[in-house]
Amino acid sequence: MLEYKRHRRLRSSKNLRSMVRETVLKKEDLIYPIFVKEGENIKNEVSSMPGVYQISLDLLEEEIQTLTDLGIVSVIVFGVPKEKDEVGTSAYCENGIVQKAIKKIKEVNKELVVIADTCLCQFTNHGHCGVIEEGIILNDPTLELLSKTAVSQAEAGADVIAPSNMMDGFVAAIRVGLDEAGFSHIPIMSYAVKYSSSFYGPFRDAAHSAPSFGDRKTYQMDPANRLEALREAESDVLEGADFLIVKPALSYLDIIREVKDNFTYPVVAYNVSGEYSMIKGASLNGWIDEKAVVMEKLISMKRAGADLIITYFAKDVARWLSE
Ligand code: PBG
């Protein structure tokens, strides 16, 4: 007699399948990115990201209310400032767009977990994530500015600081800065493992943060490397990171798993702009079923080990989860 396993026994009905499902996606897993632009009455759809908008402060309340009504519990804030200079002053000034946005969001819903992206590239006129001298992105002089940025964001009311710049020592510098300013209770969600990825293109349209010369390969990681991801995560943990982000997500599910298996901190997958645009583009053309594909992608990230997912699909997913 032929002997084999009957795996289909556990797939025979919808309810049985739901009972043996190993991974679940819930609203609390989602972090929604918002782009806040300096100015008034702005709601610009990002051309490469249909459904994603740059929003001015005066229109932010409505957006936060929508997110709250959908049951989304967390947002990550990106600023699009009017003024840019060599050293990214608008990233850490008290009346910066991000600082004002954080205050506004907290006024509308103080329960919403507000994560501040801490980087300089949207605020520097050269679009790099650090201070520049003769075309070189300097590591140590940048740390001080990042620390100042983080403190100003915490002062504005940010619940979590998320540094994305990939300078060495940024977690250590920001931790010291926060602690000295009385914010030892504020956690750091580190972009610990951030690859130099071509999937960030649409974000740079949204945030006006493309580098004006060169690329980010001297600070962001080579997509070919796996062990380096573990070294990056390890140093961030030693420096005091409370969450570890892996970015991008879809082409890096193996890295999410590695980080999950090697560390005990919450792992965050960043489902980046290019990943969003590919799915949007194909679904707007009628080539794929958007809802089915998005849900499959996000469940894959969770299965790979992500505890949380930063995604531009958060609103849609929250809606679908309530259906
Ligand atoms: C800023 C930053 C970037 C993203 C998040 N924070 C762009 C970059 O590093 O060039 C990309 C996010 C996305 O593509 O969705 N450093």
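**Briefing: active site, binding sites and core**

Arg-204 touches Ser-209 and Ala-210, leaving out residues up to four places away in sequence. The model is predicted. Its chain averages a pLDDT of 97, and 100% of the residues score at least 70. For the complex, the predictor gives an ipTM of 0.95 and a pTM of 0.97. Contacts listed below likewise leave out residues within four places in sequence.

**Ligand shell**

- The ligand is surrounded by 13 residues.
- The closest are Cys-119, Tyr-200, Phe-203, Val-272 and Ser-273.
- By type, the shell divides into 6 nonpolar, 4 polar and 3 charged residues.

**Annotated active site: Lys-194 and Lys-247**

- An unreviewed UniProt entry places the feature "active site" at Lys-194 and Lys-247.
- The two span 54 residues in sequence, yet no two of their C-alpha atoms are more than 4.9 Å apart, so they gather at one spot.
- Lys-194 is found in strand 9, residues 189–194.
- Lys-194 is buried, because 24 other C-beta atoms lie within 10 Å and 20 or more is the cut-off.
- Contacts of Lys-194 are Ser-164, Met-166, Gln-220, Met-221 and Lys-247.
- Lys-247 is found in strand 10, residues 243–247.
- Lys-247 is also buried, with 25 other C-beta atoms within 10 Å.
- Contacts of Lys-247 include Lys-194, along with Tyr-191, Val-193 and Tyr-195.
- Tyr-270 and Val-272 are in contact with Lys-247 too, and Val-272 is among the residues closest to the ligand.

**Annotated binding site: Arg-204 and Arg-216**

- The unreviewed UniProt entry lists Arg-204 and Arg-216 under "binding site".
- Arg-204 sits in helix 7, residues 201–207.
- Arg-204 counts as partly exposed, with 17 C-beta neighbours inside 10 Å.
- Arg-216 is found in the loop between helix 7 and helix 8 (227–239).
- Arg-216 is buried, with 22 other C-beta atoms within 10 Å.
- Arg-216 is in contact with Cys-129, Ser-196 and Pro-211.

**Annotated binding site: Ser-273 and Tyr-312**

- UniProt, again in an unreviewed entry, also places "binding site" at Ser-273 and Tyr-312.
- These two are spread over 40 residues of sequence but cluster in space, with a largest C-alpha distance of 7.4 Å.
- Ser-273 is found in helix 10, residues 273–284.
- Ser-273 counts as buried, with 25 C-beta neighbours inside 10 Å.
- Ser-273 is one of the residues closest to the ligand.
- Contacts of Ser-273 include Phe-199, Tyr-200, Gly-201, Pro-202 and Phe-203.
- Met-49, Ala-206 and Tyr-312 are also in contact with Ser-273.
- Tyr-312 lies in the loop between strand 12 (308–311) and helix 12 (314–322).
- Tyr-312 counts as buried, with 24 C-beta neighbours inside 10 Å.
- Tyr-312 touches Pro-33, Met-49, Val-52, Ser-273 and Tyr-276.
- Met-49 thus appears in two contact lists, that of Ser-273 and that of Tyr-312.

**Nonpolar core**

- The largest nonpolar core holds 95 residues.
- Val-77, Val-246, Ile-256 and Val-268 touch the most other members.
- Helix 5 (residues 140–156) gives the largest share of this core, 7 residues.
- Val-246 touches Ile-256, another of those residues.
- Other contacts of Val-246 are Val-193, Tyr-252, Ile-255, Val-259, Val-267, Ala-269 and Tyr-270.
- Val-193 and Tyr-270 are in contact with Lys-247 as well.

**Two further helix positions**

- Ile-102 is found in helix 4, residues 97–108.
- Ile-102 counts as buried, with 26 C-beta neighbours inside 10 Å.
- Ile-102 touches Val-77, Val-114, Ala-116, Gln-153, Ala-156, Gly-157 and Ala-158.
- Ile-102 and Lys-217 are 115 residues apart in sequence and 31 Å apart in space, C-alpha to C-alpha.
- Ala-292 lies in helix 11, residues 290–304.
- Ala-292 counts as exposed, because it has 11 C-beta neighbours inside 10 Å and the cut-off is 12 or fewer.
- Ala-292 and Arg-303 are 11 residues apart in sequence and 16 Å apart in space, C-alpha to C-alpha.

Key
Residues are numbered from 1 along each chain as its sequence is written. This is a predicted model: local features need pLDDT of at least 70, side-chain atom pairs count only at pLDDT 80 or more; totals for chains, interfaces and linings use all residues. A residue is near a molecule or strand if its C-beta atom, placed from the backbone, lies within 6 Å of it. Ala, Val, Leu, Ile, Met, Phe, Trp, Tyr, Cys and Pro count as nonpolar, Asp, Glu, Lys and Arg as charged, and the others, Gly among them, as polar. UniProt positions are given in the numbering used here, feature names are shortened, and annotations may be inferred rather than shown by experiment. Helices (H or I, at least four residues) and strands (E, at least two) are DSSP runs, numbered from the N terminus. Two residues are in contact if their C-beta atoms, placed from the backbone, lie within 7 Å. pLDDT is the predictor's confidence in each residue, from 0 to 100. A nonpolar core is a set of buried Ala, Val, Leu, Ile, Met, Phe, Trp, Tyr and Cys residues joined through C-beta atoms within 7 Å.
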